Structures are given as C-alpha cells and as structure tokens.
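Me: I am new to reading protein models, and I would like to learn by asking. Could we go through one together?

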Amino acid sequence: MRKLEAILVVLIVAILNGALIYIDTLLKDIIPMTLYAERSMTALSGGNIADSLFDILFGFGVSLIILKFLKKGFEIYVMWSEGDPDEEPLSLLTNFFKAMAVAICFPTIYLWLGQIVEELTDKLLVALGQSTNYDWNAWVSGISSLGLVTAIFGLIFIICYFILYFQFLMRGLEILILRIGVPLACVGLLDNDKGVFKAYSQKFAQSTLAVVVQITLAKLGVGLMLNMHIFWGLACMVLAIRTPRFLSDFLITTGGNGGVVNNVYHSVRLVGMARKMLMKTG
C-alpha cells in the first residue's frame, strides 16, 4: 500500500514539475493581455485585426445611427405613428449627438478605463503583498514530502490554475468583441430607455470587473498555496474561476428591463389616449 502511495506521489510530482515550465509565467502581464487582447494577437500574427474590424463596424454603426435618427424623426414628427409628436425635437437631437459622441470617443474612453483597471489591480496586489516571483520548485518539493492527499490537492490547484488562465484568454476575447461592437450598441442610445446599450454597458462592466477580481484572487490563492495554506489557496482559486457567475448575481446583463420599460411606456400612452377620448366625448 505504501509503495502504491509512493508511486502515485512520484507521478503527481512529475506532472507538477512538467507544469512548472508554463506556470511560472502564465499570470505575468495578464491584465494588459486581457484588456488589450489585440496586442498579443498582433505580436503573433503580425497584423492588427482589431483596428480593421473596428473601422468597419464603426462606419456601419454610424450609418445605422443616422438612419435610425431620420426614421424616428420622420415617424414621430411627420407620420405621427410613433412616440409623442408634442415632445420637443431637442430630446431626439440630444440622443443623436450622445450616440455619435460615444461611438467616436469610445477608443479614447477605453484607454482611460484600461489605465484605471490596471492601476486598481496593481494597488490591490501591493496591498496583498503579492509578487509575481514565486519559488514553485520549493513548493513542489514541500508537496512531495507531505503525502498523497496533499499532492492530490496540489494537482487540483494546478488544474484550476490552467483553467483560470484559459478563462483570462476567453475574457480577453469577450472584451475585444464588446469593444468592436460598441458603435452598433450606440444605436440604442437614440431610444429614451437606451435600448440595447444599457445591457451592453452592464456586460462590459461585468467583464472588466471580473478581470480585476479574478487576478486578485488568483494571486492571493498562489501566495497562500506556496505558504502551504492548501485549503485557503485552493478555495481562492475555485472562487476566482466562479467569479463571473458570482458577479452576474448582482450585475444583471439581460435586456429584459428594456422590454419592461417599453411595456410601461405603451401602457401609459394608451391610458393617456383613452383619457383624452373620454374628455372629448364628455
């Protein structure tokens, strides 16, 4: 039995030693790689795909904003088939300029947001006292001397570590897609309830906040694990993986609110029309 346990420990240690080739550098510069995924892609492919896609969708989004502005103005103030014709045209014009301003200025706004997120993350890591220079070899040696159960937990931790890294890569692609699609989402700003832009901005906030929370929990989990606080380190890593689901409990990203607002709006309009008809007949 002891021989079998020793064989399993040796096998797990061999797996951990093989993982050390990658694990020591995985979380270095992870924030810039997640917030600016196109930079890593440019370094690998030699071309900036994100800028080309953004330029295409920017032109398409601006065209949609102009067309929707003309359509809403025509239907409200000419055909009287939508909205309130008694409403000042300044409101529609303000929404139009707001949509155009966000679509045009978003790249600059995102650079500011990225700097804020990076600075916030750095301050959190400094407050935690964590460093990116860890002695993984000493940790593997300590794991091998603590028996089979500890070695199994160490292996689970490394698996969670790799899962989290792939989550960061997917989060980077998700943020990149959201950035590219902003000009299209700005079409919703022409509506009084902000349309799809409201849910879009909530999803953006959830994705960027998830990056901050995940990297903080990951670095804290690594620090605890390397100090042989096995269960606390593993708990931090598992929570880091579950962070997006955790944040979705209070950052609602569905577009259902827009439908509710529209239903309430149309109900109020119907009540107002019925009241006017009753006043005329009375």
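**Reading a helical model**

Reply: Happily! Let us begin with a place where two helices touch: Val9, Val13, Leu16, Asn17, Leu20 and Ile23 of α1 make contact with Trp136, Asn137, Trp139, Val140, Ile143 and Ser144 of α6. Keep in mind that this is a predicted model.

Me: What kinds of residues make up the contact of α1 with α6?

Reply: That contact divides into 9 nonpolar residues, 3 polar ones and no charged ones.

Me: How do I describe the way two helices pack?

Reply: Two numbers do the job: packed helices are described by the angle between their axes and by the distance between those axes. Here, α1 and helix α6 (residues 136-144) have axes 10 Å apart and pack at an angle of about 170°. Angles over 145 degrees count as roughly antiparallel, and therefore α1 is roughly antiparallel to α6.

Me: At what angle do the axes of α4 and α5 cross?

Reply: The axes of helix α4 (residues 49-77) and helix α5 (residues 89-128) cross at roughly 180° and come within 11 Å. These two helices are therefore roughly antiparallel to each other.

Me: Which residues of α4 and α5 meet?

Reply: On the α4 side you will find Phe54, Phe58, Val62, Ile65, Ile66, Phe69, Lys72, Gly73 and Tyr77. Their partners in α5 are Pro89, Leu92, Leu93, Phe96, Ala99, Met100, Ala103, Ile104 and Pro107. The residues of this contact divide into 16 nonpolar, 1 polar and 1 charged.

Me: Let me step back to the whole chain. How many helices and strands are there?

Reply: The protein has 12 helices and 0 strands. Reading from the N terminus, the elements run α-α-α-α-α-α-α-α-α-α-α-α.

Me: How much of the protein is buried?

Reply: Of its 282 residues, 38% count as buried. The accessible surface comes to about 16,400 Å², and 69% of that surface belongs to carbon and sulfur atoms.

Me: Which residues touch the most other members of the largest nonpolar core?

Reply: That core has 62 residues, and Ile65, Trp136, Trp139, Phe157 and Tyr161 touch the most other members. Try clicking on isoleucine 65: leaving aside residues up to four places away in sequence, isoleucine 65 touches Phe96, Ala99, Met100, Ala103, Pro183, Cys186, Val187 and Leu190. You have met Ile65 already, among the α4 residues that meet α5.

Me: How do I tell whether a single residue is buried or exposed?

Reply: Look at the relative accessible area: under 20% means buried, over 50% means exposed, and partly exposed lies in between. Threonine 150, in helix α7 (residues 148-180), has a value of 15% and is therefore buried. Setting aside residues up to four places away in sequence, threonine 150 touches Ile143 and Ile230.

Me: Does isoleucine 7 count as buried or exposed?

Reply: Isoleucine 7, which sits in helix α1 (residues 2-23), counts as exposed because its relative accessibility is 55%.

Me: What share of the contacts joins residues far along the chain from each other, 24 or more positions apart?

Reply: Taking the contacts with a separation of 6 or more, 81% join residues 24 or more positions apart. You can also look at pairs of C-alpha atoms. Isoleucine 7 and leucine 148 are 141 residues apart in sequence, with 9.5 Å between their C-alpha atoms. For leucine 57 and valine 182, a sequence separation of 125 residues goes with 8.5 Å in space, C-alpha to C-alpha.

Me: What does leucine 57 touch?

Reply: Leucine 57, in helix α4, touches Ile180, Gly181, Pro183 and Leu184, not counting residues up to four places away in sequence. At 24% relative accessibility, leucine 57 counts as partly exposed. Glycine 59 is also in helix α4, and its relative accessible area of 32% makes it partly exposed. The C-alpha atoms of glycine 59 and leucine 184 are 9.5 Å apart.

Me: One last topic, backbone angles. What should I look for?

Reply: Most residues other than glycine have a negative phi. Methionine 228 is not a glycine, yet has a positive phi of about 65°. This methionine 228 is found in the loop between α9 (195-226) and α10 (230-241), and a relative accessible area of 30% makes methionine 228 partly exposed.

Definitions and conventions
Residues numbered from 1 in each chain as written. Predicted model: local features only at pLDDT ≥ 70, side-chain atom pairs only at ≥ 80, totals over all residues. Heavy atoms only, no water. Axes fitted to C-alpha atoms, helices over the stretch in contact; angles between N-to-C directions. Helix = DSSP H or I, 4+ residues; strand = E, 2+ residues; numbered from the N terminus. Parallel < 35°, antiparallel > 145°, perpendicular 65-115°, else oblique. Contact = heavy atoms within 4.5 Å. Nonpolar A, V, L, I, M, F, W, Y, C, P; charged D, E, K, R; others polar. Buried < 20%, exposed > 50% of the residue type's maximum accessible area, 1.4 Å probe, protein only. Areas by Shrake-Rupley, 256 points an atom, 1.4 Å probe, with all protein chains shown as cover. Core = buried A, V, L, I, M, F, W, Y, C linked by side-chain atoms within 4.5 Å.
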